[in-house]
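Open the structure in your viewer and keep the sequence panel beside it. This tour goes from one selection to the next and says what is there.

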Amino acid sequence: MNIDFYKYEGTGNDFIILDDRSESFDVSNQSTIEKLCDRRFGIGADGLMLLRNCTGYDFEMVYFNSDGKQSSMCGNGGRCIVAFANKIGVINAKTTFKAIDGPHEAIVEKDGIIKLKMCNVSSIEKNSDFYFLNTGSPHFVRFVKDIEQLNVFEEGRKVRYNDRFKTEGTNVNFVEFANKSIIIRTYERGVENETLSCGTGVTAAAIAAFIQDSSILDIATNTVLVKARGGDLKVSFSTANNILFENIWLQGAAKFVFKGVITI
């Protein structure tokens with residue numbers, strides 16, 4: 001069987017995208033998805049997405065991690081599938097699509113920037129040395145120093161597989177304040193390694209950083225600048241008393257890399 005695929009990346013977070021409006025792709029075949037995402041024996045990606053028809057929406061985003069399992073919301077994946085939908089003519093500059101965590105709005109800017117509206121955040125757990133919140137996916141956020149020297153794989157696994165999180169898993173973000181911005185490094189569940197960027201993680205980190213120090217917000221643009229290993233992203237939001245965060249937008253580049261055909 002031949003599969004036409006497209007490869008996209010959002011600040012280094014890379015994805016295989018399939019136009020599956022015919023719903024011909026077998027989503028139950030976890031091993032096939034895992035093989036396609038394998039960087040040695042397949043195409044190579046952090047995840048795979050299907051674009052499908054969805055009544056009442058422009059399309060549906062169905063997302064799988066590189067382990068082949070369907071996963072929770074992926075922010076960078078959402079931005080990339082919007083860029084893909086625009087490329088193949090499914091949408092124009094604005095869209096409303098459905099993902100696993102509900103409906104999302106998105107805007108395609110002329111300069112290639114994709115702005116994605118994220119779900120509201122109303123439950124934030126603040127502990128002595130970490131925050132825990134869900135921005136479409138669960139995220140553990142810890143503020144650190146000397147982030148470039150941190151062994152993210154080792155320290156991330158300690159949290160992801162501890163007694164609290166080992167069953168359902170969590171993404172683990174390490175964050176450092178730096179020159180009116182924050183630097184982030186993320187260990188992603190499902191990928192089970194550090195990735196160059198994580199959209200829902202960037203969103204979680206921006207919210208946690210604002211709670212930690214509200215001066216991180218650029219008043220002129222109402223954004224928090226987040227520097228991931230794969231590039232810069234911005235997060236904007238509104239909040240009252242740091243209890244409910246809403247009107248959350250994640251923005252950054254989403255780029256087409258290449259397309260091809262693979263036989264499985």
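## Stop 1: helix α4

This is a predicted model. Select helix α4: 13 of its 14 residues are buried, so the helix is largely enclosed by the rest of the structure.

Now check the length of α4, which covers residues 199-212. At 1.5 Å a residue, its 14 residues should span 20 Å, and the C-alpha atoms at its two ends are 20 Å apart, so the two values agree.

Stay in α4 and pick F210. Is F210 buried or exposed? F210 counts as buried, because its relative accessibility is 12% and the cut-off for buried is under 20%. Next, add N242 to the selection. F210 and N242 are 32 residues apart in sequence, and their C-alpha atoms are 8.7 Å apart in space.

## Stop 2: strands β1, β2 and β17

Select strand β1, residues 2-10. β1 pairs with β17 in the antiparallel sense, over eight bridges. β1 is also joined to strand β2 (residues 13-19) by five bridges, and these two strands run antiparallel.

Tyrosine Y6 is a good residue to click on here. Which residue of β17 stands opposite Y6? The residue is K259. In β2, the bridge partner of Y6 is I17.

Move to the turn between β1 and β2. The two strands form a hairpin with two residues between them. T11, in this turn, has a positive phi of about 45 degrees.

Now go along β17, which covers residues 255-263, and find V257. With a relative accessible area of 42%, V257 is partly exposed. V257 joins F256 and F258 in making a nonpolar surface patch of about 240 Å².

## Stop 3: strands β5 and β6

Select strand β5, residues 94-99, and show the side chains. In a regular strand, side chains alternate between the two faces of the sheet. Here the covered face of β5 holds T95, F97 and A99, while the uncovered face holds K94, T96 and K98.

β5 and β6 pair in the antiparallel sense over six bridges. A hairpin joins the two strands through two residues. To see one pairing, select T95, which stands opposite A106 in β6.

Then select H104, also in β6, a strand that covers residues 102-108. H104 counts as buried, at 2% relative accessibility. What does the side chain of H104 make with the side chain of D101? The two side chains make a polar contact, at 2.7 Å.

## Stop 4: salt bridges

Side chains of opposite charge can pair when their charged atoms come close. How many salt bridges does a search of the whole structure find? The search finds 16. The selections below include some of them.

Start with R52 and D20, whose side chains meet in a salt bridge with an N to O distance of 2.8 Å. R52 lies in strand β3 (residues 47-52) and D20 in the loop between β2 and α1, so the pair ties together parts that are 32 residues apart in sequence. R52 counts as buried at 13% relative accessibility, and D20 counts as buried at 3%.

Next, select R229 and E148. These two form a salt bridge, and their closest N and O atoms are 3.0 Å apart. R229 is in the loop between β14 and β15, and E148 is in the loop between β10 and α3, so this pair ties together parts that are 81 residues apart in sequence. Are these residues buried or partly exposed? R229 is partly exposed, with a relative accessible area of 43%. E148 is partly exposed as well, at 45%.

The next pair is K158 and E155, with side chains that meet in a salt bridge at 3.1 Å, N to O. Both residues lie in helix α3, three residues apart, which is about one turn of the helix. E155 counts as partly exposed, at 23% relative accessibility.

To finish, select K7, D14, R39 and D46 together. Salt bridges that share partners join these four residues into one network.

Notes. Residues are numbered from 1 along each chain as its sequence is written. This is a predicted model: local features need pLDDT of at least 70, side-chain atom pairs count only at pLDDT 80 or more; totals for chains, interfaces and linings use all residues. Side-chain values use heavy atoms; hydrogens and water are left out. Patches are made of residues with over 30% relative accessible area and no salt bridge: like charges are joined within 9 Å, nonpolar side chains (Val, Leu, Ile, Met, Phe, Trp, Tyr) within 5 Å. Accessible areas come from the Shrake-Rupley method with a 1.4 Å probe; for residues, only the protein chains shown count as cover. Helices (H or I, at least four residues) and strands (E, at least two) are DSSP runs, numbered from the N terminus. Buried means under 20% relative accessible area, exposed over 50%, partly exposed in between (1.4 Å probe, protein chains only). The expected span of a helix is 1.5 Å times one less than its number of residues. Two strands pair if DSSP finds at least two bridges between them. A polar contact is a pair of N or O atoms within 3.5 Å; within protein, one must be able to donate a hydrogen and the other to accept it, and residues adjacent in sequence count only if both atoms are side-chain atoms.
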